[in-house]
Amino acid sequence: MKTITFNSTAKIIRSKGIVLCFSLFAFSTGFAQLQNNGTLYVRDNGILTLKSGNYGFGTSTASTATTRTANTYGKIVFGSGTTSSGATNIHFIDGFARTLGFPYTMNLGQTGVLAPLRIVSSTGTSVDAAFYNGTPTDNLDIDTELSEISNSEYWDIQGANSIISLSWRPSTIANLTTSVYTIVGYNSSTGKWDIIPSTVDVTSFLGGASTPAGGSISSDGNVNFTTYRFFTIGSKGDPCAPLVTSNDIVKRWTGTQWVLDSDNELTTPPSESNPVIIAGAYANGSFSCNSLVLNANVNLANGQFIDCVNGVTGDSKIIMASEANFVQRNNSISATAPLIELNKKTREDMRRYDYIYWGTPVTSDISEAFNNSQAGSQAFINPNLNLGAFDNFLKYVSGLASTVSGWQPLNEFIPGSGFIARIKQQAPFTNAVNEDFINVKISGTANNGTINVPITNNPAAPFSGASHNLLANPYPSAIDADKFLVANEDIDGVVYIWTAGGEFYPGAGSYSQSDYISYTRLGSTATNGVANTFNGKIASGQGFKVRSLQQAGTAVFNNCMRLTTDNDQFYKASSNTSIDRYKITMTGANGVYSQVLVGYTPETTLGYDRMYDATRNSVSTAQVYTLLDNTTRRLAINARPSFVNTDKVALGILKNNTNAETFTFTIDEKEGIFNTNQVTVYLRDKVQNTYHNLNNGPFTYTSSVTNLGNRFELVYQTDAELSNPEFDTTKTFVSLNDNVFKANSSAEMSSITIYDIAGRLIATYNNVNSNTFTTDFNKVQGVYIAKIKLMDGTLVNQKVINK
């Protein structure tokens with residue numbers, strides 16, 4: 001028996017016809033052909049089958065939908081040989097479809113997005129699928145080779161293992177930072193999104209070439225739907241430079257020109273395919289090669305590089321200025337590395353007793369390099385005057401009790417492990433004012449290939465200094481901090497770079513305290529008045545700290561991280577894409593300079609997001625911090641979900657004494673929406689209930705409290721704005737029953753975002769554009785927060801329980 005409900009004008013025509021409205025319950029019915037110009041809705045356990053012919057998506061007011069309840073969802077079944085036509089961003093299958101014939105294109109969609117899916121089954125049995133216009137679950141838990149995954153769309157696919165083809169639109173790939181697209185699948189056993197081997201379709205299955213404006217990508221083989229059920233499109237991180245095969249056309253530098261080694265004919269500079277021989281002294285700039293024979297020295301100036309695919313032989317060496325780069329691509333031990341002489345130069349404003357964080361780019365002991373180190377002014381007078389500019393060489397031992405100092409005397413130089421050295425008191429560093437740079441000439445065989453460094457923590461004090469490890473760039477080239485973070489899941493996703501004290505603002509005559517820069521994929525904080533002090537490129541010889549998540553972990557370096565540019569330490573402007581973010585800077589007496597970064601992205605949540613948030617790691621006598629929501633965890637970088645003007649960010653001050661000190665707060669480096677007149681950033685004093693507009697000028701506050709964590713917050717509306725009468729009369733209600741989420745409002749809703757109680761983003765529904773909204777919500781039992789944005793920009797928060 002079947003139960004079908006019609007409206008008074010409904011018809012069913014088993015050939016070409018019209019279906020104006022019916023609701024199909026837990027039974028099935030079949031048709032030879034359907035044209036839907038009305039409303040079709042298949043409820044739980046209901047099945048509508050098109051046995052043959054075509055399903056037509058009709059007029060703009062029509063709809064085709066099923067329930068999405070886990071295990072009991074309704075479905076529209078397409079038999080072998082059937083087709084469908086007329087689907088648009090208004091009319092599509094909003095729910096589950098099943099195909100019995102292959103290949104088949106399912107015209108799926110949700111909330112204004114048509115997202116076709118193509119299925120090619122290997123067994124000829126059925127496959128079910130639905131599309132979700134929302135943020136995928138655990139979208140930050142991704143394979144280390146991935147840069148990110150789409151934050152707006154995903155498919156639910158179940159049934160017989162099949163080749164799948166996913167379509168994309170500009171919205172699908174809007175947050176992807178590279179064009180190296182891949183299908184990704186959610187592995188329920190590991191809770192991570194894995195790469196599914198796949199290839200972009202030159203010609204999309206929808207017709208036309210695949211471009212950023214639209215296209216498709218297909219799996220290279222059958223996908224196991226037992227392991228993977230949810231799918232979307234992701235992008236791989238910047239790919240490693242390829243191991244190009246030699247073309248055996250050897251090019252030789254004679255000392256004055258490039259010639260072909262075979263006949264001495266003049267030729268062009270070499271490429272990555274050419275073996276190269278340096279037969280005479282070379283100082284003619286950057287070049288690439290497939291392999292390199294050094295029968296004479298090569299000199300590289302600042303900004304110049306050699307990019308060598310494979311190994312280097314010969315008795316001569318590469319003489320490098322401080323900001324030159326030598327890169328090898330091949331990680332194999334068979335790719336021999338050259339002798340180098342790296343003339344490393346520190347910052348020019350170094351002073352007595354400043355510490356510098358170092359690492360070794362060579363395989364041998366470098367004690368002699370530091371024994372012969374010399375300040376620049378002394379070398380100008382006499383190359384042998386006041387050698388040995390450093391003393392007090394220390395390593396850092398992690399995992400000790402939090403009450404025990406990890407700083408211990410250095411006894412060996414280990415590639416990948418960092419150490420620190422102090423500028424000793426000798427000319428010109430004879431007082432606290434004199435400044436100069438120091439040259440250190442490091443010689444030896446360059447490090448190459450994969451380098452593993454053991455790291456550890458103190459489980460009893462996971463956020464203490466005992467859980468931080470001192471590492472260093474092991475190569476004679478810069479490395480990419482983002483690639484390092486992605487490749488190292490044993491660390492919490494932050495790089496801390498030490499900077500010795502420097503001027504607040506050039507020429508101001510006032511010095512900031514020494515402290516750590518914090519860097520994540522959201523950006524970096526500064527420890528002095530120089531904007532964008534670190535761009536995520538770690539220079540050769542540079543030491544840095546990370547926090548280990550494991551008691552017996554490993555930090556990995558490899559050639560894929562190496563760069564031919566950006567070897568100039570802290571002085572390049574940031575290369576991060578402009579996003580919605582700003583910095584709050586706190587300055588005070590005694591050289592206090594402390595900064596926090598607040599940013600908003602679709603990828604991040606109100607919880608702690610690895611590679612985006614950063615715990616405060618500072619030795620300043622006074623520090624500004626923000627709080628991770630609903631915790632006491634202090635942050636230097638606070639990554640939050642997409643911006644809404646009702647957000648609040650707790651701001652605190654930590655100081656090491658009870659003296660009354662005056663601090664000044666400013667807003668700096670505003671980007672995205674904060675660099676417009678659309679948003680005002682207020683510093684709210686909750687005790688006085690006052691709001692200071694930071695866009696109009698600094699805020700000054702005097703305190704003797706050592707930890708002031710509950711008085712201030714950063715907000716984007718005042719009480720007067722929040723008490724808008726139009727807002728007060730708005731009635732918005734939500735419910736969550738039987739895995740169905742409903743929202744109703746007296747004002748039209750724009751979007752709905754749902755978080756779990758830990759602040760993790762669970763789902764996003766864009767383009768609601770209605771006073772009512774209903775969707776299946778197949779999530780675990782628990783408490784959820786629904787943030788509903790109305791068309792006028794008002795945000796309503798509602799707590800719901802999924803029982």
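1. A residue counts as buried here when its relative accessible area is under 20%. Tyr 519 has a relative accessibility of 2%, and therefore falls in the buried class. The structure discussed in this note is a predicted model, and the points below should be read with that in mind.

2. Confidence. The average pLDDT of the protein is 86, and 89% of the residues reach at least 70. Two stretches deserve caution. Residues 503–511 have a pLDDT below 50, although the model gives this stretch 22 contacts beyond near neighbours in sequence. Residues 723–729 also stay under 50, with 8 contacts beyond four places in sequence.

3. The pair of Tyr 519 and Phe 534. These two residues form an edge-to-face aromatic pair, with 5.4 Å from centre to centre and 90° between the planes. Tyr 519 belongs to strand E46 (residues 515–520), whereas Phe 534 lies in the loop between strand E47 (523–524) and strand E48 (537–538); the pair links parts of the chain that are 15 residues apart. Phe 534, like its partner, is buried: its relative accessible area is 1%, and that of Tyr 519 is 2%.

4. The pair of Phe 370 and Phe 419. The structure holds 44 aromatic pairs. In one of them, the ring centres of Phe 370 and Phe 419 are 5.7 Å apart and the planes meet at 75°, so the arrangement is edge-to-face. Phe 370 is part of helix H1 (residues 367–371) and Phe 419 is part of strand E40 (residues 419–423), so the pair ties together parts separated by 49 residues in sequence. Both Phe 370 and Phe 419 are buried. They also belong to one aromatic cluster, together with Trp 358, Phe 390, Phe 393 and Phe 413.

5. The nonpolar core. The largest nonpolar core has 41 residues, and those touching the most other members are Ile 278, Phe 287, Leu 292, Ile 306, Ile 318 and Phe 390. Phe 390 is thus named in this core and in the aromatic cluster. Beyond four places in sequence, the contacts of Ile 278 include Trp 253, Trp 258, Phe 287, Leu 292 and Val 298.

6. Charges over rings. Two arginines are placed with the charged end over a tyrosine ring. For Arg 68 the ring is that of Tyr 132, with the charged end 4.6 Å from its centre. For Arg 633 the ring is that of Tyr 608, and the distance to the centre is 3.7 Å.

7. Thr 626. This residue is found in strand E54 (residues 622–627) and counts as buried, with a relative accessibility of 0%. Its side chain is joined to that of Asn 638 by a polar contact of 3.2 Å. Among its contacts beyond four places in sequence are Val 596, Val 598, Arg 633, Leu 635 and Val 649; Arg 633 is also the residue whose charged end sits over the ring of Tyr 608. The C-alpha atoms of Thr 626 and Ala 636 are 6.7 Å apart, with their positions 10 residues apart along the chain.

8. Gln 378 and the cis bond before Pro 428. Gln 378 lies in helix H2 (residues 376–381) and is buried at 6% relative accessibility. A polar contact of 2.7 Å links its side chain to that of Asn 386. Leaving out residues up to four places away, Gln 378 touches Leu 385, Asn 386, Ala 427 and Pro 428. The peptide bond from Ala 427 to Pro 428 is cis, with omega near 5°, and Pro 428 is in the loop between E40 and strand E41 (438–445).

9. Other backbone features for inspection. Most residues other than glycine have a negative phi, and most peptide bonds are trans. A cis bond also joins Phe 102 and Pro 103, with omega about -5°; Pro 103 is in the loop between strand E11 (97–99) and strand E12 (104–106). Glu 669 has a positive phi, near 50°. Glu 669 sits in strand E57 (residues 661–671) and is partly exposed at 23% relative accessibility. Asn 767 has a positive phi of about 55°. Asn 767 occupies the loop between strand E64 (761–765) and strand E65 (770–776), and is partly exposed at 45%.

10. Val 740. This residue is located in strand E63 (residues 740–756). Its C-alpha atom is separated by 9.2 Å from that of Thr 67, which is 673 residues away along the chain. Beyond four places in sequence, Val 740 is in contact with Ser 735, Thr 774, Thr 775, Asp 776 and Phe 777.

Note on methods
Residues numbered from 1 in each chain as written. Predicted model: local features only at pLDDT ≥ 70, side-chain atom pairs only at ≥ 80, totals over all residues. Heavy atoms only, no water. Phe/Tyr/Trp six-rings, centres within 6.5 Å; stacked < 30°, edge-to-face > 60°. Helix = DSSP H or I, 4+ residues; strand = E, 2+ residues; numbered from the N terminus. Buried < 20%, exposed > 50% of the residue type's maximum accessible area, 1.4 Å probe, protein only. Lys NZ or Arg CZ within 6 Å of the ring centre and 35° of its normal. Core = buried A, V, L, I, M, F, W, Y, C linked by side-chain atoms within 4.5 Å. Contact = heavy atoms within 4.5 Å. Polar contact = N/O pair within 3.5 Å; in protein donor to acceptor, adjacent residues only side chain to side chain. pLDDT = per-residue confidence, 0-100.
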